[in-house]
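Below is a short set of notes for a colleague who will be working from the coordinates. The points move from single residues to helix packing and then to the chain as a whole.

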Amino acid sequence: MPSKNTSDSIEEYIKELLAQSGIAEIKRSMLADSFQVVPSQINYVIKTRFTESRGYEVESKRGGGGYIRIAKVHFSDKHHLIGSLRGSLKETMSEALFTDSVQLLYNENLITEREGNLILAMATNEVLGGDAPTIRARMFYRLLQRIDRKGSL
């Protein structure tokens, strides 16, 4: 069994808070103290593991009474999810963002695990070549169109 690193432990702790009440409100410095890390480590975990493409909404207030509030986004239906993903789509898309977005489609039961794995295999930098980020964004847009029309692939 692989050992957990500190970032994994922080992510797990925040997910436990989310499971309890649906919203995790944390003070960066207090969380950093309890895990014996610098506050920037907390920022790193939040910025990389609680992203919009993974289905989270993050609100941050800085200052003395500052906090970070994380909520899992619950979509009313598949059209709401697809609209949200389309709205955040740019002209280019990194492989990591693409992977997170495909995972979200799987988590929301809009694609099967097999479909997701096939899609991910076809969208790597190695397969797409030099213009991969632009091609990947266009692929994802078309994928969303297809899912929205058909209900699934």
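1. Gln 36 is placed in the loop between α2 and α3, and, in what is a predicted model, this residue has a positive phi of about 55° although it is not a glycine. Most residues other than glycine have a negative phi. With a relative accessible area of 75%, Gln 36 lies over the 50% cut-off and therefore counts as exposed.

2. A second residue of this kind is Asn 109, which is found in the loop between α5 and α6. Its phi is near 60°, again a positive value in a residue other than glycine, and Asn 109 is exposed, with a relative accessible area of 67%.

3. How do the two helices on either side of the Gln 36 loop pack? The axes of α2 and α3 are 8 Å apart and meet at an angle of about 105°. That angle falls between 65 and 115 degrees, so α2 is roughly perpendicular to α3. On the α2 side the contact is made by Arg 28, Leu 31 and Ala 32, and on the α3 side by Pro 39, Ile 42 and Asn 43.

4. Helix α3, which covers residues 39–49, has as its buried residues Ile 42, Asn 43, Val 45, Ile 46 and Arg 49. An α-helix has 3.6 residues a turn, so residues three or four places apart point the same way. The buried residues of α3 pack against three kinds of neighbour in turn, namely the helices α1 (6–21) and α2 (28–35), the strand β1 (23–26), and the strands β2 (56–61) and β3 (67–72).

5. Two residues of helix α1 may be worth a look, and Leu 17 is one of them. Leaving aside its neighbours within four places in sequence, Leu 17 is in contact with Gly 22, Ile 23, Ala 24 and Ile 26. From C-alpha to C-alpha, Leu 17 and Ile 70 are 9.5 Å apart in space, with their positions 53 residues apart in sequence. Glu 16 also has its place in helix α1, and this residue is partly exposed, with a relative accessible area of 42%. The C-alpha atoms of Glu 16 and Ser 40, which are 24 residues apart along the chain, are separated by 21 Å.

6. The helices α5 and α6, the latter covering residues 113–122, pack with their axes 10 Å apart and at an angle of about 165°. Because angles over 145 degrees are counted in this way, α5 is roughly antiparallel to α6, and the crossing in which α5 passes α6 is right-handed. From α5 the residues Phe 98, Thr 99, Val 102 and Tyr 106 take part, and they meet Glu 113, Gly 116, Ile 119 and Leu 120 in α6.

7. Three aromatic pairs are present in the structure. In one of them, the ring centres of Phe 50 and Tyr 56 are 4.9 Å apart and the planes stand at 70°, so the pair is edge-to-face. Phe 50 counts as buried, at 3% relative accessibility, and Tyr 56 counts as buried too, at 11%. In another, the rings of Phe 98 and Phe 140 have their centres 5.7 Å apart and their planes at 75°, which means that this pair is edge-to-face as well. Phe 98 belongs to helix α5 (residues 95–107) and Phe 140 to helix α8 (residues 132–150), so the pair ties together parts that are 42 residues apart in sequence. Both Phe 98 and Phe 140 are buried.

8. Tyr 56 also has a charged neighbour, for the charged end of Lys 72 sits over its ring, 4.6 Å from the ring centre.

9. Finally, the chain as a whole comes to eight helices and three strands, and from the N terminus on its elements run α-β-α-α-β-β-α-α-α-α-α. The C-alpha trace spans about 45 × 35 × 35 Å along its principal axes. Of the 153 residues, 35% count as buried. Among the contacts in the chain with a separation of 6 or more, 58% are accounted for by residues 24 or more positions apart.

Terms used: Residues are numbered from 1 along each chain as its sequence is written. This is a predicted model: local features need pLDDT of at least 70, side-chain atom pairs count only at pLDDT 80 or more; totals for chains, interfaces and linings use all residues. Side-chain values use heavy atoms; hydrogens and water are left out. Rings of Phe, Tyr and Trp (its six-membered ring) pair if their centres lie within 6.5 Å; planes under 30 degrees apart count as stacked, over 60 as edge-to-face and the rest as tilted. Buried means under 20% relative accessible area, exposed over 50%, partly exposed in between (1.4 Å probe, protein chains only). Helices (H or I, at least four residues) and strands (E, at least two) are DSSP runs, numbered from the N terminus. A charge sits over a ring if NZ of Lys or CZ of Arg is within 6 Å of the ring centre and within 35 degrees of the ring normal. Axes are lines fitted to C-alpha atoms, for helices over the stretch in contact, and angles run from 0 to 180 degrees between N-to-C directions. Angles under 35 degrees count as roughly parallel, over 145 as roughly antiparallel, 65 to 115 as roughly perpendicular and the rest as oblique. A crossing is left-handed if the near helix is turned anticlockwise from the far one by less than a right angle, and right-handed if clockwise. Contact means heavy atoms within 4.5 Å.
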